[in-house]
Amino acid sequence: MVDISTSIGGIRLGNPTILASGFMGVTGASMAYAARSGAGAVTMKSLGLEPRKVHPCPVVLSFDKGLINAVGLSGSGIEESMAEIEFAKKHAGVPVIASIFAGTKKEFGMTAKEVSKAKPDLIEVNISCPNVHSEFGRPFGTDPKTAAEVTREVKKNTKVPVIVKLTPNVVDIKEIAVAVAKAGADVINAINTLGPGMIINITAKKPVLFNKRGGLSGPAVRPIAVRCIYDIYEATKGKIPLIGTGGVTYGNDAVEMFMAGASAVGIGSAIHYRDIGVFRKVSLEITNFMKANRYSSIKEMVGVAHEN
Amino acid sequence: MKIEQPIVLEIKKVIKESSDTNTFLFDYPLRARPGQFVSVWLPGVDEKPFSVSYQDEKRFGISCFGVGPFSKKLNSLRAGEKVGIRGPYGKGFTSKRGHVALVGGGCGAAPLAFLANSLRKMGSKVDFIIGAKDIDHVLFVQRLKKAGVHVHIATDDGSCGKKGFATDILKNLLKSKKEIKMVYTCGPEIMMKKIIDLCDMNKKNCEISMERYMKCGFGICGQCCVDNVGLRVCKEGPVFEKNLVKRFFEFNKYKRDASGKKIILNPGC
């Protein structure tokens with residue numbers, strides 16, 4: 001028998017595919033739709049205390065091998081967002097992850113405390129959005145000390161298990177991972193978007209995104225995401241569960257992430273390539289791989305690429 | 001072929017449809033299906049979705065109703081100026097042979113005008129009901145008549161056609177022409193809700209084109225998902241079958257703005 005269930009931060013997932021933050025998850029209904037389409041858990045778009053308007057469009061576009069986006073952490077503020085989480089909790093039937101962002105360490109704590117009232121299964125701390133630099137300065141996730149402080153502040157303010165989502169845009173992701181693990185993170189998710197990058201429309205002679213720069217995701221970034229997971233697994237000695245996010249599109253990509261050290265995978269851009277049914281498809285492909293290669297659980301595959 | 005990155009196209013012709021609505025024609029074989037939309041990019045300004053309102057082998061057109069800063073800016077452009085286009089996106093109407101009725105409210109007539117042309121080419125018999133606030137906002141009449149469409153008009157002030165609602169005309173039409181198989185509609189949701197009820201009463205099929213705030217246009221951002229089913233207007237829509245629309249809790253009640261905040265439709269009703 002093949003069992004594709006997995007566990008992150010003490011929360012059981014029926015399958016290891018997680019709707020990644022920033023995709024679909026604007027409303028409770030959209031998260032429930034992703035869950036109906038086979039996602040093992042769903043993450044809401046990052047929410048903050050105050051309503052924030054989106055950048056003018058285009059905010060996201062596809063290019064040959066990926067997506068480039070700069071949505072700008074838009075949101076309707078915490079009250080409306082909490083109602084959406086509660087709706088998802090009631091109707092998704094799978095664990096619901098609330099992603100949070102903030103401008104200061106203290107605000108991260110306040111946001112975590114407030115959002116916990118909506119009873120999400122996990123809280124994901126977004127210290128890695130590359131698209132709001134001018135407002136928030138350097139992402140908190142680029143410095144191990146700051147990343148650890150944010151993690152501690154969030155942990156202090158909630159009993160809900162905490163995922164810290166890391167940026168690949170650092171010299172050494174290992175030291176950041178070790179720092180947040182020591183600060184009490186229950187799960188690490190890597191990676192947020194790579195970059196920022198830029199695409200210039202040569203006829204219009206202008207960057208095509210309104211924000212000019214945007215984070216890259218999709219198949220183009222997958223080798224980087226795999227390397228980050230591999231490095232983090234090694235640095236944390238496999239003691240903390242990892243979510244591998246970045247370009248996972250097919251079952252084999254998920255298996256690659258497991259072998260690098262992930263216990264679950266985030267899926268976002270692949271919705272563009274294989275539509276919303278991608279969650280079910282990837283789960284089926286993982287199952288087929290496991291049958292063909294005599295694996296009976298996800299756990300058996302986690303980190304095997306590290307063995308000599 | 002779907003265009004993923006905007007291609008910059010020159011506006012070949014601007015047709016003034018009314019004091020605040022222009023149709024822009026582009027030389028490009030878009031190959032959209034009626035009901036599909038494109039994203040129109042004004043570099044450095046913004047990008048918004050527009051239904052394809054005209055299409056032949058070589059050209060396509062969009063019609064812009066000047067309501068906000070973007071649409072007013074777009075309407076100030078002239079032939080020879082350029083805009084970015086990507087798409088076509090979304091699911092279009094199902095084209096039915098036989099006798100059909102189209103009901104367009106205000107600028108909702110735009111996707112239906114393209115549909116009417118395409119249905120006429122297939123040999124369908126088309127009754128097109130245009131609802132508008134006054135004579136200035138009645139769109140596409142000459143073009144539709146030329147294509148052999150039977151046009152009915154209702155205006156709020158009676159300055160053109162019948163004084164009253166497009167739905168009143170539809171009610172009579174469904175009574176007098178039992179052979180009508182299908183009703184297609186696009187316009188204010190309060191009007192489309194009445195049309196769904198009329199179609200239910202008369203046992204007619206009906207397809208509805210809905211509008212919601214969109215960002216990506218290709219089904220990944222989740223901005224246009226409708227409560228409570230979560231379907232994406234840009235991907236599973238914008239055209240939906242009436243029985244599906246009846247399951248949309250937010251239909252004719254509210255929509256969401258760019259930040260995701262709910263905006264009540266028909267306040268006071």
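Guide: A salt bridge, in the sense used here, is a side-chain nitrogen of Lys or Arg within 4 Å of a carboxyl oxygen of Asp or Glu. The model is predicted, so that local features need pLDDT of at least 70 and side-chain atom pairs count only at pLDDT 80 or more, whereas totals for chains, interfaces and linings use all residues. Residues are numbered from 1 along each chain as its sequence is written, chains are lettered from A and ligands numbered from 1 in the order in which they are written, and side-chain values use heavy atoms, with hydrogens and water left out.

Visitor: Which residues are linked with E84(A) in a network of salt bridges?

Guide: Over all chains the count comes to 27 salt bridges. In the network that holds E84(A), the other residues are E189(B), R212(B), D227(B), E250(B) and R256(B).

Visitor: How many salt bridges are counted between chain A and chain B?

Guide: Contact (heavy atoms within 4.5 Å) joins 40 residues of chain A to 37 residues of chain B. Between these chains, the side chains of E80(A) and K261(B) meet in a salt bridge at 3.6 Å, N to O. The count of salt bridges between chain A and chain B is three.

Visitor: Is R232(B), which meets D275(A) in a salt bridge, buried or exposed?

Guide: The side chains of R232(B) and D275(A) meet at 2.8 Å, N to O, and this pair crosses between chains, from a loop of chain B to the loop between helix 9 and helix 10 of chain A. Buried means under 20% relative accessible area, exposed over 50% and partly exposed in between (1.4 Å probe, protein chains only). D275(A), at 28%, therefore counts as partly exposed, whereas R232(B), with a relative accessible area of 1%, is buried.

Visitor: How many residues apart are R222(A) and D253(A)?

Guide: These two residues form a salt bridge, the closest N and O atoms being 3.4 Å apart. The pair links distant parts of the chain, since R222(A) lies in helix 7 and D253(A) in helix 8 (helices being DSSP runs of H or I, at least four residues, and strands runs of E, at least two, numbered from the N terminus), and their separation is 31 residues.

Visitor: Which residue of strand 8 of chain A is the bridge partner of I97(A)?

Guide: Five of the five residues of strand 7 of chain A are buried, I97(A) and S99(A) on one side and V96(A), A98(A) and I100(A) on the other. Strand 7 and strand 8 pair in the parallel sense over four bridges, where pairing asks that DSSP find at least two bridges. In strand 8, the bridge partner of I97(A) is L122(A).
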